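Me: Could you take a close look at the salt bridges in this model and tell me which residues pair, where they sit and how exposed they are?

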Amino acid sequence: MQLRRSKREWFADAGVTAFAAMVGLVMLAASLDSFPDEKKNAIIPDMAVGAVGCVLLLLFRRTRPVTLAVVLMIIQILASTAYGPAALAVWTVAARCSWRVTALVAGANLSIIASVFKLAPISPSEYRDGLVTFGLGYAVLITLGLLVRSQSQLIKSLRERARETEEGQRLRVEEARLLERERIAREMHDVLAHRISLLSVHAGALEFGPDAPAPQREAAGIIRQTAYEAMEDLREVIGVLRADAAFTHADAGTAGERDRPQPTLTDLPALIDESREAGAHVVLDARVSDPAAIPARIGRHAYRVVQEGLTNARKHAPGSHVRVTVEAVGGAELTIEVANRLLPALAALDLPGARAGLVGLRERVDLVGGTIEHGRTGDEFRLRVSLPLPARPGHDAGPDQ
């Protein structure tokens, strides 16, 4: 027995029970009109049996609909007021069970009613009218029950589909986050490998210098050996990442880039030219006096921001004009803004996975302590990122942290 129900469910069950009681009282009044002498002494027992039927309907209609219908169709033999609960029990079966079970229960119930009417002292015309009335009434109840069942199944299917869509979106966002972290790790490997190799070369020069004193040679040897071991550890870690990517084929786009020099802000015009050659309408507004003076790690992230912005515009607003603005604000931060006009047919859409690339950008921006904003502004979609610059402009403060 399901006593733990929501307030809405209890309210619905109470409404069904009240309607069943009303139908039962109507049946009792009809029987009193037809058989006043036989029924006047049986009113109290009849109503008591009907009340028991209503209580059973209230308690068991959600958990045991078929059993409840069978019990109530037997009880209705004893009391006129039980016809209401029995009829609503059949409606519950239609709303909660298959049409085969509904047909069996409804057929059995109508057979019992026909048998009771057959034994009653009524004329053939009254018998026929009674069967037609009950038959039409049950047809209406069963039809309504089947409609309720169909609607319930549709709502359940839509909820399940929405849940699957949300889960798919969550997995896509998580995958985008992991892939971007992997790409950042590879970029860090390339940068650190270069700098550690330089450290090892300079340490070797000091170690084997002809004029270097012995303590200095010994210290330089330790530095060179430590740099070599750091390179080996770094190569081992990045090898695990690359092996996972090769196994899953999840990051094919970066597989060809891992051995290439990482792009910086000076490579931004080439990226814009590539987009234009692909048919995109891109306008670059570069307000940086010396792009080469921007630290490599900041320029690398700025390049990826513009790359992702152009990709989003190409995917979700093909053919629209894109405006890219890059500005060094007061030497303290580098701002990148990518804006494109929304297409009327796509402006109201929020496709699953459409923001997955932005999740990866947030990983990059958080890595250097920057800020990112994106969204619709009027009839445009804007991506704006602010990346902090080192205290000494033109000096690369070191590898990514």
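Reply: What follows goes through three of the pairs and then a network.

The model is predicted, and it holds 12 salt bridges. Among them is the pair of arginine 287 and glutamate 327, whose side chains meet with an N to O distance of 3.5 Å. This pair links distant parts of the chain, with arginine 287 in strand E1 (residues 281-287) and glutamate 327 in strand E2 (residues 321-329), 40 residues apart. Arginine 287 counts as partly exposed at 45% relative accessibility, and glutamate 327 also counts as partly exposed, at 27%.

Strand E2 also holds arginine 323, and glutamate 380 lies in strand E5 (residues 380-388), 57 residues apart from it; these two form a salt bridge in which the closest N and O atoms are 3.5 Å apart. Arginine 323 is partly exposed, with a relative accessible area of 31%, whereas glutamate 380, at 11%, is buried because that value falls under the 20% cut-off.

A further salt bridge joins arginine 341 to aspartate 379, with the closest N and O atoms 2.3 Å apart. Arginine 341 lies in strand E3 (residues 333-341) and aspartate 379 in the loop between strand E4 (371-377) and E5, so the pair ties together parts that are 38 residues apart in sequence. Arginine 341 is partly exposed at 44% relative accessible area, and aspartate 379 is partly exposed at 37%.

Finally, Arg323 and Glu380 belong to a network of salt bridges that also links Glu337, Arg382 and Arg384.

Methods:
Residues are numbered from 1 along each chain as its sequence is written. This is a predicted model: local features need pLDDT of at least 70, side-chain atom pairs count only at pLDDT 80 or more; totals for chains, interfaces and linings use all residues. Side-chain values use heavy atoms; hydrogens and water are left out. A salt bridge is a side-chain nitrogen of Lys or Arg within 4 Å of a carboxyl oxygen of Asp or Glu. Helices (H or I, at least four residues) and strands (E, at least two) are DSSP runs, numbered from the N terminus. Buried means under 20% relative accessible area, exposed over 50%, partly exposed in between (1.4 Å probe, protein chains only).
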